[in-house]
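Here is a short tour of some helix packing, with a stop at one buried site further along the chain. Have the viewer open as you read.

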Amino acid sequence: MDDQFPPRTHEPLDLDEIWDLSDALADRLEEGGDEVTFALLEEVARAQDSDLTHLYVAAGLDPDTVWKREYPVAFVVCTGSCQAWGSIEALEGLITERSSRVSAGRPAFDIVTTACLDVCLPSPPYAVSLGPEGKAVHPGVTRQQVMEAVATRVDGE
Ligand code: FES
């Protein structure tokens, strides 16, 4: 089955580090609130001296993570095996774009991660966008393509 996948292009993050971050996030959630937000992940990333992308990957490991929706449009990025085809780069692009939109008071979007979107083939990495106009699957998603999807889904361009 594995040979149906294209050659891997990226090194996945260290799983031990991600599990540690997942534990730190669970501890923080036990202290109050059960929903994961951008701000909460930023807070835990700072406390753990880690990168926000790593916290997003950690949050996506747990299928029971409750993601708080703050905007009509959400991008769901597979940060499981799709990491091996560059999903973290798309995630990074989304984090940067979201932050700059929020700072500028422009329409933004939510970011959600998951360990698998159950599509996987033939063109990883995968992301999905959800919004008032429905769901779109973004196969082989690069940083640039996800930015184009933001313009389409959020700005209606
Ligand atoms: S591993 Fe990424 S969609 Fe399944």
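Let us start on the outside of helix 2: the face turned away from its buried side carries the exposed residues Ala-39, Arg-46 and Ala-47. Keep in mind that this is a predicted model.

Now turn to the inner side. Phe-38, Leu-41, Val-44 and Ala-45 are the buried residues of helix 2. Viewed down the helix axis, they fall within an arc of 130°, so they line one face of the helix. What covers them includes helix 1, helix 3 and helix 4 (87-104), along with strand 1 (35-36) and strand 4 (110-114).

Helix 1 (residues 15-31) can be read in a similar way. Its buried residues are Ile-18, Leu-21 and Leu-25. These fall within an arc of 60° when seen down the axis of helix 1, so they line one face of the helix. They pack against helix 2 and helix 3. On the other side of helix 1, the exposed residues are Asp-16, Trp-19, Asp-23, Asp-27, Glu-30 and Glu-31. A quick check on its length: at 1.5 Å a residue, the 17 residues of helix 1 should span 24 Å, and the end C-alpha atoms are 25 Å apart, which agrees.

Both helices are followed by a residue with positive phi:

| Helix just before | Residue | Phi |
|---|---|---|
| helix 1 | Gly-33 | about 80° |
| helix 2 | Asp-49 | about 55° |

How do helix 2 and helix 3 cross? The axes of helix 2 (residues 38-47) and helix 3 (residues 52-61) come within 9 Å and cross at roughly 115°, and the crossing is right-handed. Helix 2 contributes Leu-41, Glu-42, Val-44 and Ala-45 to the contact, while helix 3 contributes Leu-52, Leu-55, Tyr-56 and Ala-59. Sorted by class, the contact has 7 nonpolar residues, no polar ones and 1 charged residue.

Finally, let us visit His-138, which sits in strand 6 (residues 134-138). Is His-138 buried or exposed? A residue is buried if 20 or more other C-beta atoms lie within 10 Å of its own; His-138 has 23 C-beta neighbours inside 10 Å, so it counts as buried. Leaving aside residues up to four places away in sequence, His-138 touches Tyr-126, Ala-127, Val-128, Ser-129, Gln-145, Val-146 and Ala-149. One of these, Ala-127, is 11 residues from His-138 in sequence and 5.1 Å from it in space, C-alpha to C-alpha.

Note on methods: Residues are numbered from 1 along each chain as its sequence is written. This is a predicted model: local features need pLDDT of at least 70, side-chain atom pairs count only at pLDDT 80 or more; totals for chains, interfaces and linings use all residues. Axes are lines fitted to C-alpha atoms, for helices over the stretch in contact, and angles run from 0 to 180 degrees between N-to-C directions. Helices (H or I, at least four residues) and strands (E, at least two) are DSSP runs, numbered from the N terminus. A crossing is left-handed if the near helix is turned anticlockwise from the far one by less than a right angle, and right-handed if clockwise. Two residues are in contact if their C-beta atoms, placed from the backbone, lie within 7 Å. Ala, Val, Leu, Ile, Met, Phe, Trp, Tyr, Cys and Pro count as nonpolar, Asp, Glu, Lys and Arg as charged, and the others, Gly among them, as polar. The expected span of a helix is 1.5 Å times one less than its number of residues. A residue is buried if 20 or more other C-beta atoms lie within 10 Å of its own, exposed if 12 or fewer, and partly exposed in between; C-beta atoms are placed from the backbone. The arc is that of the directions from the helix axis to the C-beta atoms.
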